Each structure stands twice: as structure tokens, then as C-alpha cells.
Amino acid sequence: MDKYAIIGGQSLNGTVEIGGAKNAALAILSAAVMTDDPVIIENVPDVRDTMVLLQAIESIGVKVEHRDRHTVCMDSSHITACIIDDDFMKRIRASYYMIGALLGKYGHAEVPLPGGCNIGIRAIDQHLKGFKALGATVEIEHGSIIAHAEHLTGNHIFMDKVSVGATINVMMAACMASGKTTIENAAKEPHVVDLANFLNSMGANIKGAGTDVIRIKGVPKLHGSEYTIIPDQIEAGTFMMAAAATHGDVTVKNVIPKHLECITAKLIEAGCRVVEYDDAVRVIAPEKLSTTQVKTLPYPGYPTDMQPQITVALGLATGTSIVTESIFDNRFKYVDELTRMGASIKVESGTAIITGVEKYTGAVIAAPDLRAGAALVIAALAADGESIVEDIKYIERGYEDFDLKLESLGADITKFSSENELRKKRLKAVGN
Ligand code: EPZ
């Protein structure tokens, strides 16, 4: 099992290129099966989640050609089944996007029910509500969702809860339904907008993505497209927070600053200087961060996927900060690991009361999930001494070359799977 060995105490300095947005890619790769024409998608992040989803897509007969590390060409003209294997759902929850895509195109989809996960209950009732509103029958049999519709008809759908996944899934199912669909209380995340733009580039008729009312006029057919995925605002935010926690000076390149506005605002409140360029943002951190208050909210509020990272940074601020998690019910599991590094954080009913400490100290820690894993790496980078981060498979689900990008900013981080390999890599580094 791969791990990271990190020797903390170095400030991060320099420029890092941000990759394509994982959560946009998962939606867009799924939607690409809705046409029989070839589709070329660029800026696909080379992370475990996207690679596993592409395997799931290939498993139903789609031809997937990797033109280069970040470009795929998909040919869905010979799909053989509308059934996703259980193994793929176990490895990637977002396989459930295949329901919206296959139901929308073929009127049928069989996809295993997504399992639980480490950040809380992940209901899908709003997804199913949307499919039914469009005229599909939805059965749960032997652990799978079986959605079927002889004919999908547009409808007026009011989401009981703002849900990124449900908005994305229903948008895909509705874009080839006959008639008009309105999705009220829709999610407004950048990756929802990116999917709408991609579907429109294939001939769909979707308006209002990015607002809480999305209007869709169904079309009988979608054609091929060449499309480039937006930059990953969570990857960018993670590096910005790493700069803040290590009192560094980091510029994230290939970003859309508007997508980072809430993260930027919090960094400024915490005492950082932030400079915005057309496609880059520079964070210059103070020696000591100031306190601030954070509540995670749907976009454009502060993103829940950036909650662990800011909690780690504020754990080193002067004074007491408050971080409230309003999206998921169990997203503070990493605090136990952080406490072992010297953090002073009390979590009570979804709110973390953070008393800033002078420093963290290195420890052996385990990544409980994707974003918390990245946050614990930030803590290790800021800590005195050596840390070993275990279970980095979670981190590699959503961060491409995370260790190499951090190393390019001055971090002392080594990925290894055995003590012997670590010793060799360290000797080699000393030799260089
Ligand atoms: C997406 O998950 C992201 N995943 C998550 O990122 C992200 O944390 C989340 O949106 C919120 O921004 C992908 O895009 C693949 P939701 P999703 O539906 O769609 C409840 C990462 O780190 N809900 O917006 O599952 C749900 O339980 C991952 O990249 C229902 O009650 O999130 C949660 O409390 C982690 N019923 C809240 O809504 C439903 O039918 C928001 O969930 C759907 C959701």
C-alpha cells in the first residue's frame, strides 16, 4: 500500500499547474455516451476516479481511446448493455451518473446502488424522484437501481434539497426527453455548468445552468463534440490552503478565479494577500494566520470539499475559529488524526471549534477520505518533524501527481510502498 513520507516545516513557494475538474469530468464522461458520434474530451484529470469510470464505460461496449494522458476519444455507437457492474460502483460512486445518461439515451439503465462512504449518508432519493417525474419506472432489485422508460416526457421538477449529483443526473435524463423540463432548486456548481455546456455542444438545449432554475427543451438526438473540461477549483483551493498553512507564496495556474472567490475571501479574512490574474491566483501567506468563521454551503458558498483543508490551516491560526459543515453529516472524521498531530479542535453537532496551536508535530496518520487525506498532507507539510500518511489511495482518487506537484513547491514528500524503497529514494535525493 503506497504511503507518503513528509518532513514538514518548509514553506511552499512557486507555481503549480491545476488539472481538469474531477467532478466535471465524471459527469461529462458519462454524458458522452449519449451520442453515437465520436466525442473528444480534453483536460481529463488522470486520477483513479476518472480512470475507473472510463473502465465502467468501456465495460458496456464504448470504445475509449486515450489520445494522450488527458485526452480521450469515445465512440458509443456500439453500446452492448445498459448495465453497470457492481464492482465499478464499489470503486466509484459517480457510476450512478450512467443512469441519467443511459436512461436519457436508451430508456433503460441498471446500476448498483451506491454504497456508503466516509463523509456521511449519501442519499439518492432526489435522483430517483427526477427520473420518475420524467416518466421512468424505478425499481430497487438485488442491490441495483433499475430505471426504465418507454418514453421520457419533460416535467417541472422541484428538488427538495440542493444536490449536485441529482441536478446532473436529471439534466442528462431530461435533455433527450420530449418536451420541456424545469429543474427548480438546482445546484449551481461550476461542474453543473460545465456539463450543461458540454451537452449543449452536442446539440442539447439547456438554459439557466449556474442558476437555481434550469430549463431544458428535449432534443431527439445528440451529435459528437470536442470539449475541454474546466479547471478543478478544489485542487486549486487545496494548494492555496497549503500555501496558507505553511506561510508560503504559491501561484495556482490554469484556474478560473471566479470559481475560487469564496476560498479567496476566506484566505483574505485569515490574513493572506491574494492576487488574481486572468487564469491564475497567487496566495501570499502571513507568518501566522488570523481566525475566521466558515460555514460550508452549496456553490457559490464555501465548498464542503474544502472544509478539511481550511480546518487544518485555521488549526495553526492565532485564536479560535469556527467551521460548520452543513452539507454532510460526518465530515469531521479526520479531526481525530489531526489531534494526534497536536491540533486542539472540538467537534459538536456538525461544528468544529478550533483553538489555534503554535505548531503541529509529525505523526503516522491515515487518510479517511479524499479531501480529508489532502488536508492531513497539508498538516504534515506544516508540522515539525516527519509524518507518514497512509491510505493515500483515497487522495489519488482526486489529485493527479499530488506528491510531485507539492515537491515542485519545495515540499519534502516521498511516495513509497516499503521502508526499503523509502530509504533508497532518500539516499538518491541526498545524492542529487
Ligand atoms: C458531489 O457529491 C461531489 N461528488 C462531492 O465531492 C461534493 O462533496 C458534493 O457534490 C457537494 O458539493 C461528485 O461530484 C462526484 P450532493 P454528491 O448530491 O452529488 C444530500 C469529492 O470530494 N442528498 O450535492 O453526492 C446528500 O446526502 C466529492 O470530490 C440527498 O439527501 O453531493 C448531501 O447531504 C466528495 N438526496 C447533500 O444532499 C439526494 O438525492 C449534498 O449532496 C442527493 C443528495
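**View 1. Strands β15 and β16 pair up in the antiparallel sense.** β15 covers residues 273-276 and β16 covers residues 280-284, and four bridges hold the pairing (two strands pair if DSSP finds at least two bridges between them; strands are DSSP runs of E with at least two residues, helices are runs of H or I with at least four, and both are numbered from the N terminus). A hairpin of three residues leads from β15 to β16. Look for Val 275, whose bridge partner in β16 is Arg 282.

A quick note on what you're looking at: this is a predicted model, in which local features need pLDDT of at least 70 and side-chain atom pairs count only at pLDDT 80 or more, while totals for chains, interfaces and linings use all residues. Residues are numbered from 1 along each chain as its sequence is written, and side-chain values use heavy atoms, with hydrogens and water left out.

**View 2. Here is the ligand with its polar contacts to side chains.** A polar contact is a pair of N or O atoms within 3.5 Å. Asp 125 has a side-chain N or O atom 2.8 Å from a nitrogen atom of the ligand. For oxygen atoms of the ligand, the distance to a side-chain N or O atom is 2.7 Å at Ser 163 and 2.9 Å at Arg 371. The protein covers 89% of the 820 Å² of accessible area that the ligand has on its own (Shrake-Rupley method, 1.4 Å probe).

**View 3. Step back to see the shell of 24 residues around the ligand.** To be in the shell, a residue needs a heavy atom within 4 Å of the ligand. Gln 126, Ser 163, Gly 165, Asp 305 and Ile 327 come nearest. Helices α1 (22-31), α5 (125-133), α6 (164-174) and α12 (370-382) each give two or more residues. Domain 1 (3-19 + 231-431) and domain 2 (22-228) each supply at least three; their bounds come from an automatic or database domain assignment.

**View 4. Phe 198 and Tyr 227 form an aromatic pair.** Their ring centres are 5.4 Å apart and their planes sit at 65 degrees, so the pair is edge-to-face (centres within 6.5 Å; planes under 30 degrees apart are stacked, over 60 edge-to-face, the rest tilted). Phe 198 belongs to helix α7 (residues 190-201) and Tyr 227 to strand β13 (residues 225-228), 29 residues apart.

**View 5. Two loops have backbone angles worth a look.** Between β17 (293-295) and α10 (307-314) lies Pro 300, joined to Tyr 299 by a cis peptide bond with omega near 10 degrees. Asn 43, in the loop between β3 (39-42) and α2 (48-58), has a positive phi of about 65 degrees although it is not a glycine.

Notes:
A polar contact is a pair of N or O atoms within 3.5 Å; within protein, one must be able to donate a hydrogen and the other to accept it, and residues adjacent in sequence count only if both atoms are side-chain atoms. Rings of Phe, Tyr and Trp (its six-membered ring) pair if their centres lie within 6.5 Å; planes under 30 degrees apart count as stacked, over 60 as edge-to-face and the rest as tilted.
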